Amino acid sequence: MVIECCSQERSYSTFYGLIGERLCKLNRVWNEAFETAFGNYYDTIHRYETNRLRNIARFFGHLIAN
């Protein structure tokens, strides 16, 4: 749900990246869930519009960097 909300914004908001980061730090289950979601989005990335793709990429980039 966090990724979907992030992808539907007009421009990337760091709020979603910080929420994802906080969830990953709380419990390892979230970390594994985001890794699975990354795989699913990577497999279907060709279906998304440019703006949505940019927001998803920046979200996962934020998680990987932190």
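This note goes through the predicted model point by point, from the whole chain down to single residues.

1. Overall fold. The protein chain holds 4 helices and 0 strands, and when it is read along the sequence the pattern is α-α-α-α. A student looking at the structure can therefore follow the chain as a series of helices, since the pattern names no other kind of element.

2. Overall dimensions. How does the radius of gyration of the protein chain agree with that of a compact globule? For 66 residues a compact globule would have a radius of gyration near 11 Å, and because the protein chain has 11 Å, the two agree. Along the principal axes, the C-alpha trace of the protein chain spans about 30 × 25 × 20 Å.

3. Burial and surface. Of the 66 residues in the protein chain, 29% are buried. The area that the protein chain exposes is about 4800 Å², and carbon and sulfur atoms supply 53% of that area.

4. Contacts across the sequence. Among the contacts in the protein chain with a separation of 6 or more, 65% are accounted for by residues 24 or more positions apart. The contacts of single residues, described in the points below, give examples to look for in the model.

5. Charges. The side chains of the protein chain include 8 positive and 7 negative ones, and the centres of these two sets lie 5 Å apart.

6. The nonpolar core. Which residues make up the largest nonpolar core? This core has 12 residues in all, namely Ile3, Cys6, Tyr12, Tyr16, Leu23, Phe34, Ala37, Tyr41, Ile56, Phe59, Phe60 and Leu63. The elements that give two or more residues to this core are α1 (2–7), α2 (14–26), α3 (28–43) and α4, and the largest share, 4 residues, comes from α4. As general background, nonpolar side chains tend to be buried together in soluble globular proteins.

7. Phe60. This residue is found in helix α4, and because its relative accessibility is 6%, Phe60 counts as buried. Leaving aside neighbours within four places in sequence, Phe60 is in contact with Ile3, Phe34, Ala37, Phe38 and Tyr41. Phe60 and Ala37 are 23 residues apart along the chain, and their C-alpha atoms are separated by 9.7 Å.

8. Phe34. Found in helix α3, Phe34 has a relative accessible area of 9% and is therefore buried. If neighbours within four places in sequence are left aside, the residues in contact with Phe34 are Ile3, Gly20, Leu23, Cys24, Phe59, Phe60 and Leu63. For the pair Phe34 and Thr50, which are 16 residues apart along the chain, the separation of the C-alpha atoms is 21 Å.

9. Asn55. Is Asn55, which is found in helix α4 (residues 50–65), buried or exposed? Asn55 counts as buried, because its relative accessibility is 1% and the cut-off for a buried residue is under 20%. Apart from neighbours within four places in sequence, Asn55 is in contact with Cys6, Ser7, Glu9, Ser11 and Tyr12.

10. Glu21. A reader who expects a charged residue to be exposed should look carefully at Glu21 in helix α2, since its relative accessible area of 15% makes Glu21 buried. Not counting residues up to four places away in sequence, Glu21 touches His62, Leu63 and Asn66. The C-alpha atoms of Glu21 and Gly39 are separated by 18 Å, and these two residues are 18 residues apart along the chain.

Key
Residues are numbered from 1 along each chain as its sequence is written. This is a predicted model: local features need pLDDT of at least 70, side-chain atom pairs count only at pLDDT 80 or more; totals for chains, interfaces and linings use all residues. Side-chain values use heavy atoms; hydrogens and water are left out. The radius of gyration is taken over C-alpha atoms; the globule rule is 2.2 Å times the number of residues to the power 0.38. Buried means under 20% relative accessible area, exposed over 50%, partly exposed in between (1.4 Å probe, protein chains only). Contact means heavy atoms within 4.5 Å. Accessible areas come from the Shrake-Rupley method with a 1.4 Å probe; for residues, only the protein chains shown count as cover. Lys and Arg count as positive and Asp and Glu as negative; His and the chain ends are not counted. The place of a charge is taken as NZ of Lys, CZ of Arg, CG of Asp or CD of Glu. A nonpolar core is a set of buried Ala, Val, Leu, Ile, Met, Phe, Trp, Tyr and Cys residues joined through side-chain atoms within 4.5 Å.
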